[in-house]
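Biologist: Please choose one part of this model and look at it closely, starting from the side chains and then setting them in the rest of the chain. Keep the limits of the coordinates in view as you go.

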Amino acid sequence: LTVDVSLNAVDFTNSLSFVLEPLFFVLKAEPTRVSASAASMITVSGGGFVQSLSLQCRFGGQVSEALMVSSSLLLCSVSPFGARSMTLEISHNDYIHFSSNVLVEISSSERGEVDCELIPSRGPINGRFNVRITCPLFS
């Protein structure tokens, strides 16, 4: 799309270019929990991603470059910082950040395994019973 600007409806600027892009969407991000003590890579699945010099991910207020693997897959790096849950946002330009409604939790644990549990947590010494392991790090 070209845009011409005039202050007097007679003299116009050289044509300016504006690119219209399809809407993109985010389906999920994996893993959804990473360690606050080390840099991590998040894989973002969705669709409609386009290559751009300004392609970026944002976690809370922290912006990081995104690597486009395909039109449906991005890699986002997360630098270590304080523990908290944040919404993942994606941008193709520096101005509009699309909020994905996908939460990424930055864990204060060294390995990010803060909420793992065994259910039940006790059993008979002779064994022969099932234990369920719940660990959001692997979900």
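Modeller: A residue counts as buried under 20% relative accessible area, as exposed over 50% and as partly exposed in between, with a 1.4 Å probe and protein chains only. The model is predicted, so that local features need pLDDT of at least 70 and side-chain atom pairs count only at pLDDT 80 or more, while totals for chains, interfaces and linings use all residues. Residues are numbered from 1 along each chain as its sequence is written, and side-chain values use heavy atoms, leaving out hydrogens and water.

The part I would choose is the pairing of Glu89 with Arg58, where a salt bridge brings the closest N and O atoms to 2.6 Å; the term requires a side-chain nitrogen of Lys or Arg within 4 Å of a carboxyl oxygen of Asp or Glu. Because Glu89 belongs to strand 9 and Arg58 to strand 6, this pair ties together parts that are 31 residues apart in sequence. The two partners do not share a burial class: Glu89 is buried at 16% relative accessibility, whereas Arg58, with a relative accessible area of 23%, is partly exposed. The two side chains also make a polar contact, again at 2.6 Å (N or O atoms within 3.5 Å, one able to donate a hydrogen and the other to accept it; neighbours in sequence count only through side-chain atoms).

Ser91 adds to the picture of this region, since it lies in strand 9, which spans residues 84-91. With 0% relative accessibility, Ser91 counts as buried, and its C-alpha atom is 8.1 Å from that of Arg58, although their positions lie 33 residues apart along the chain.

The search of the whole structure gives two salt bridges. One of them joins the side chains of Lys28 and Glu30 at 3.7 Å, N to O, with Lys28 partly exposed at 41% relative accessibility and Glu30 also partly exposed, at 39%. From Glu30 the backbone passes to Pro31 through a cis peptide bond with omega near -10°, and Pro31 itself sits in the loop between strand 3 and strand 4 (33-35). Another backbone feature is found at Ala9, which has a positive phi of about 65° although it is not a glycine; Ala9 is in the loop between strand 1 and strand 2 and, at 64% relative accessibility, is exposed.

As for the setting, the protein chain has zero helices and 12 strands, these being DSSP runs numbered from the N terminus (H or I, at least four residues, for helices; E, at least two, for strands). Of the 139 residues in the protein chain, 29% are buried.

Confidence deserves a careful reading throughout, pLDDT being the predictor's confidence in each residue on a scale from 0 to 100. The protein chain has a mean pLDDT of 76, with 78% of its residues at 70 or more. Among its elements, strand 8 (residues 73-78) has the highest mean, 90, and strand 12 (residues 132-134) the lowest, 68. Where pLDDT is low, the predicted coordinates should not be read in detail.
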